[in-house]
Amino acid sequence: MVLQRQQPIRVWGWATPQTALLIRLDTLEVQAQADANGRWMATLPPLEAGGPYTLEVQAGSNTLILRDVLIGEVWLASGQSNMEMPLVPRVAGWSPNDSVLGATETILQANCASIRLLTVEHTVALTPQETFNNTWQICSSETLPTFSAVAYFFGHRLHEALGVPIGLILSSWGGTPAEAWVDREHLRKLPDFQDLIARLEAAEPILRELEAWRARLEQREVPSDTTFWSTLELNDALHAHTPLSDTLTMTLPSRWEDTALGAFDGVVWFQKTVEVPENWIGHELILELGPIDDMDRTYFNGQQVGGYQQLGYWETPRRYRIPPELVKRQNLVAVRVIDTQGGGGLWGSPKQLRLYPKNQPEAALSLAGPWRYLPVAELVGRRLYVFGRGALSYAGRPKLPVPLGPSTPSTLFNGMISPLIPFSMRGAIWYQGESNVGRAGQYERLFPTLIQCWREHWDLGEFPFYFVQIAPYDYGPQARSQRLREAQLRTMLSVPYTGMVVTIDVGDERNIHPARKREVGERLARWALANTYGFEGITFSGPIYERMVREGNRIRLYFRYADEGLLLRPTADRNAFVIAGADRVFYPAHVRIEGSTLVVWNPNVPNPQAVRYGWSNAPRAVLFNRAGLPASPFRTDDWPEGD
């Protein structure tokens, strides 16, 4: 592992109540005693970077020895999918459309024993947890492909500049909102979450009942081996042949999270009986099911006709050939769906669910509408709980009054942040916000609350918290992701010891997971090197709008981080800069650089009142400083905008 240098080193654990302990690290030695509950904690004096050392904990006749311990810089990397996205997404079950630019070269050069990696497993919890399962890994070409690309590029740049060991702790989960990473007490201070927090607290007894019920089920550990799901058998022949009861029905297509099934990860069977015209019998058919999240094994009258049984194909529409000999007047379509996180099920559009004779799509029968379904196993963390019969079937599963999943407020703080506290570290990097698009006004209060929550729990003062402004992406015509970017900008401007990386020049409006992760990680490192470690001569931010001055029919804009001048890159986007008068009608603006300021105007706006830059879901980067860092999107007005 890596322990934080120049800070008291916190070591803790459990032992027999009242046991005396002796803790040694290098030449340091301290004593501790377990309390009445067996909990103990010791604090070793600060050390400078170095190692490897041995950490030894002695409790009576029992001794635990941890070898190859380094002292250096430790950073926590958290957020959602763009922080979680590994160097080689495909090997970790990501979409084939996702990739990291330069990953192959990076991995070939990755062997560095002084960089250590630790990943916190995905865990949802209603109450704060104290442990998680995983181990530190030495950075190598074998370990790096599945580790966070942004975190690695950040840590590698720090290692190059500082020359000390680097410890990177990844605690991230794709598709999760910020409120899942904040504890209850801090969320309780925000009016938007008070009612839900009260309902979560009321659900605790039922959760304990659910956990006791699960403990009675057959359990299977889910390995990292990608073949596990394709070889999984759960009495499949029975559900492929035998119609399910009509007790549970779901209207498809839909995400099952939006139905009575709710926030459920695991294995669910779907069935539909389809009557076809007489003249289809004995002819080859085409079965289309749209995209299925995540994996499927599809049967027609009991015979498997297709399936995607590896992670990463959740956006891929399913299209399977039905051999002529399988086609009858009455046909049973059965689909085994496995979802490992986030949304699940057959989730496309109604027109994508259909059955038709080969080469005759115009004759298609729609399969949209009610389907029978039956959950047969539930995935919790890395453990699969297989439902049984009677009281141990899905019907006997205790039902929580509120959804409990990775989007539930406080659940990821409890499961994935709480076990890390109070491990000493230098600071945190964060890449999240896509799942809060549409609630920017709330995010302006929520995001600073998250930072305050973590700082108070760690009790390390106002430790550095550097984050990434969400990249351009086409969220749809009704979305206002520019407001979310503005909320992030306002957080940086109002919360001490924070910094924001702008990404509008390295985004991809067609893919929410941009490939250019190196720039993101290294820009985060610029903030740390300049502001945390005191390196001089490093430009760490692009231009940040500061103020405007009206000069007749023009507006002059002033910026931070532009002392060496500004750059305007050519673009075909006429709406990169827009200007408006009191009527609030915006026109494309003419822009000219004058020193470290911009002068903006349009002949149709004789009395300008406001300027906006990059004010859209997918802005194009036009404005940079001389260091080549892009300006954050901004607006000079405070006119009402949708959240």
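Visitor: Before we start, what does contact mean here, and which residues does proline 606 touch?
Guide: Contact means heavy atoms within 4.5 Å. This is a predicted model, and in it proline 606 is found in the loop between E33 and strand E34 (610–613). Leaving aside residues up to four places away in sequence, proline 606 touches Gly552 and Asn553.

Visitor: Is proline 606 buried or exposed?
Guide: Exposed means over 50% relative accessible area. Proline 606 has 62% relative accessibility, so it counts as exposed.

Visitor: How many Å apart in space are proline 606 and methionine 425?
Guide: Along the sequence, 181 residues separate proline 606 and methionine 425. In space, from C-alpha to C-alpha, the distance between proline 606 and methionine 425 is 54 Å.

Visitor: Which strands stand at the edges of the sheet that holds E28 and E33?
Guide: Happily, the strand order helps us here. The open sheet has 4 strands with antiparallel pairing, in the order E27-E28-E33-E32. Each edge strand has a single partner strand, so one side of it is left without a neighbour in the sheet; these are E27 (544–551) and E32 (590–594).

Visitor: By how many degrees are neighbouring strands of this sheet turned against each other on average?
Guide: Direction is ignored for this value. On average, neighbouring strands of the sheet are turned against each other by 25 degrees.

Visitor: Which residue of E33 stands opposite arginine 556?
Guide: Strand E28 (residues 554–560) and strand E33 (residues 597–601) run antiparallel and are joined by 4 bridges. Opposite arginine 556 in E33 stands valine 599.

Visitor: Let's turn to the rings. Why is the pair of tryptophan 269 and tyrosine 299 tilted?
Guide: The structure holds 35 aromatic pairs. For tryptophan 269 and tyrosine 299, the ring centres are 5.7 Å apart and the planes stand at 35 degrees. Planes under 30 degrees apart count as stacked and those over 60 as edge-to-face, so with planes at 35 degrees this pair is tilted.

Visitor: How many residues apart in sequence are the parts that this pair ties together?
Guide: Tryptophan 269 is buried, as is tyrosine 299. Tryptophan 269 lies in strand E13 (residues 266–275) and tyrosine 299 in strand E15 (residues 295–300), so the parts tied together are apart in sequence by 30 residues.

Visitor: What kind of aromatic pair do tyrosine 545 and phenylalanine 559 form?
Guide: Tyrosine 545 is in strand E27 and phenylalanine 559 in strand E28, 14 residues apart. Tyrosine 545, at 18% relative accessibility, counts as buried, and so does phenylalanine 559 at 8%. With 6.4 Å from centre to centre and 80 degrees between the planes, the pair is edge-to-face.

Visitor: Over which ring does the charged end of arginine 214 sit?
Guide: A charge sits over a ring only if it is within 6 Å of the ring centre. The charged end of arginine 214 is 5.9 Å from the centre of the ring in question, that of tyrosine 385.

Visitor: How many Å apart are the end C-alpha atoms of helix H12?
Guide: Helix H12 (residues 517–532) has 16 residues, and at 1.5 Å a residue it should span 22 Å. The end C-alpha atoms agree with this, as they are apart by 22 Å.

Visitor: Last one: which residue of E26 stands opposite tyrosine 466?
Guide: Strand E25 (residues 465–468) pairs with E26 in the parallel sense, over 4 bridges. Opposite tyrosine 466 in E26 stands glycine 499.

Conventions. Residues numbered from 1 in each chain as written. Predicted model: local features only at pLDDT ≥ 70, side-chain atom pairs only at ≥ 80, totals over all residues. Heavy atoms only, no water. Pairing = 2+ DSSP bridges. Helix = DSSP H or I, 4+ residues; strand = E, 2+ residues; numbered from the N terminus. Axes fitted to C-alpha atoms, helices over the stretch in contact; angles between N-to-C directions. Phe/Tyr/Trp six-rings, centres within 6.5 Å; stacked < 30°, edge-to-face > 60°. Buried < 20%, exposed > 50% of the residue type's maximum accessible area, 1.4 Å probe, protein only. Lys NZ or Arg CZ within 6 Å of the ring centre and 35° of its normal. Expected span 1.5 Å × (residues − 1).
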